[in-house]
Amino acid sequence: RLAAAAGFVVSQNAVRGPELLWLVRARLRNYCAFANLVLRCACINGQAVPIPEMTISALRAREILSCAPAMEMLSRWAESTRASRSGSMSAVSWIPREPLDASTAPRLRLDSMPADFRTLTAELHGTLCAHCDRPPLDPALCLVCGVLLCAGPSCRRHKRVEEALRGECTRHAESCGAGCGIFYLVHECLVLLIAGPFASYHPSIYLDKHGEEDRHLRRGKPLFLSLQRQAALRRLWHKHALPVEVARARSSAASQIRRNYY
């Protein structure tokens, strides 16, 4: 139906059935991550709209196919694509375009990290885990929204049987970034990247005066924020490159983090 509206001919060798649904769902994950970021930038009459609990979960192709308004919008999109190819109208000109106010864009917690590690630990002292409401044994700071959690299986929140196999960081990433998340493991002095059930370690954003890391804080040297590493981590988030970076890191790591561990 959509191919006919767009004026395309579907090959007999094209992917169909369950394989097609799987491919569509994989593409929708990136859309959900982008849509969540747009929701956080929503503004009405120049005023930012706080919607901390509103998130878009991963959609299924079957849900879209059964949604009449969604199919109508996709059909109009396909028709406009055919019209733009013929030169009769500009591409997707029917979509209402409202400019986003850059001043209302949310600020990542990554951008407000203190200049030295000692100040960070002082700021987090006494902060409770957002899930179990107790001091975290292994604290993990979300570098997107600033929530402090218990990393790994150390959270003392009461869990159902189906939740016992998923870490708190993985659960939080689903609501904060549609499955993608950036966390700072305070005791390990490492950055944790999460993409769905997969996770990988990333170099720390705090270095000593010689530009070296102090993993697990074994040397006890004063650590300072690296602006270069902070900017590199920010680019990963803005370019939606976390899944690619996690896959790259896991493919070259000597040992891998168990799925859903964090």
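Trainee: What is the relative accessible area of Glu123?

Mentor: This is a predicted model, and the values discussed here are computed from it. Glu123 sits in helix 5, where the residue counts as partly exposed because the buried class ends at 20% and the exposed class begins over 50%. The relative accessible area of Glu123 is 42%.

Trainee: With which residue does Glu123 form a salt bridge?

Mentor: The partner lies in the loop between helix 4 (68-86) and helix 5, 14 residues from Glu123, and the pair links distant parts of the chain. The partner counts as buried, at 15% relative accessibility, whereas Glu123 is partly exposed. With the closest N and O atoms 3.4 Å apart, the residue that forms a salt bridge with Glu123 is Arg109.

Trainee: How many salt bridges does a search of the whole structure find?

Mentor: One of the pairs is Glu174 with Arg166, whose side chains meet at 2.5 Å, N to O; Glu174 is partly exposed at 39% relative accessibility, and Arg166 is partly exposed at 23%. There is also a network of salt bridges that links Glu213, Arg215 and Arg229. Over the whole structure, the number of salt bridges found is 8.

Trainee: What separation, in helical turns, do Arg171 and Glu168 have in helix 6?

Mentor: The side chains of Arg171 and Glu168 meet in a salt bridge, with 3.0 Å from N to O. Arg171 is partly exposed, with a relative accessible area of 22%, while Glu168 counts as buried at 0% relative accessibility. Because Arg171 and Glu168 are 3 residues apart in helix 6, their separation is about one helical turn.

Trainee: Within what arc do the buried residues of helix 8 fall, seen down its axis?

Mentor: The buried residues of helix 8, which spans residues 242-252, are Leu242, Glu245, Val246, Ala249 and Arg250. They line one face of the helix, and the face turned away from this buried side carries the exposed residues Val244, Ser251 and Ser252. What covers the buried residues includes strand 5 (180-185), strand 6 (190-195), strand 7 (198-202) and helix 7 (227-238). Seen down the axis, the buried residues of helix 8 fall within an arc of 130 degrees.

Trainee: How far apart in space are Glu245 and His202, C-alpha to C-alpha?

Mentor: Glu245 is in helix 8 and His202 lies in strand 7; Glu245 is buried with a relative accessible area of 15%, and His202 is likewise buried, with a relative accessible area of 15%. Leaving aside neighbours up to four places away in sequence, Glu245 touches Leu193, Ser200, His202 and Leu236, and the contacts of His202 include Leu193, Leu236 and Glu245. Although 43 residues separate the two in sequence, their C-alpha to C-alpha distance is 9.2 Å.

Trainee: With the side chain of which residue does the side chain of Glu245 make a polar contact?

Mentor: Glu245 is a buried residue, one of those on the buried face of helix 8. Its side chain makes a polar contact, at 2.6 Å, with the side chain of Arg248.

Trainee: How many residues are in the largest nonpolar core?

Mentor: In soluble globular proteins, nonpolar side chains tend to be buried together. The members that touch the most other members here are Phe183, Tyr184, Ile205, Tyr206 and Leu233, and the elements giving two or more residues to this core include helix 5 (117-124), strand 3 (139-142), helix 6 (168-177) and helix 8. Beyond four places in sequence, the residues touched by Tyr184 include Phe117, Leu120, Leu141, Val191 and Ile205. The number of residues in this core is 41.

Trainee: What value is phi of Asp133 near?

Mentor: Most residues other than glycine have a negative phi. Asp133, in the loop between helix 5 and strand 3, counts as exposed at 55% relative accessibility, and its phi is positive. Asn260, in the segment after helix 8, also has a positive phi, near 65 degrees. For Asp133, phi is near 60 degrees.

Trainee: Over which residues does pLDDT stay under 50?

Mentor: The chain averages a pLDDT of 77, and 66% of the residues score at least 70. Where pLDDT is low, the predicted coordinates should not be read in detail. That caution applies to a segment for which the model has 13 contacts beyond four places in sequence, and where pLDDT stays under 50: residues 89-97.

How values were computed: Residues numbered from 1 in each chain as written. Predicted model: local features only at pLDDT ≥ 70, side-chain atom pairs only at ≥ 80, totals over all residues. Heavy atoms only, no water. Buried < 20%, exposed > 50% of the residue type's maximum accessible area, 1.4 Å probe, protein only. Helix = DSSP H or I, 4+ residues; strand = E, 2+ residues; numbered from the N terminus. Arc of directions from axis to C-beta. Contact = heavy atoms within 4.5 Å. Core = buried A, V, L, I, M, F, W, Y, C linked by side-chain atoms within 4.5 Å. Polar contact = N/O pair within 3.5 Å; in protein donor to acceptor, adjacent residues only side chain to side chain. pLDDT = per-residue confidence, 0-100. Salt bridge = Lys/Arg side-chain N within 4 Å of Asp/Glu carboxyl O.
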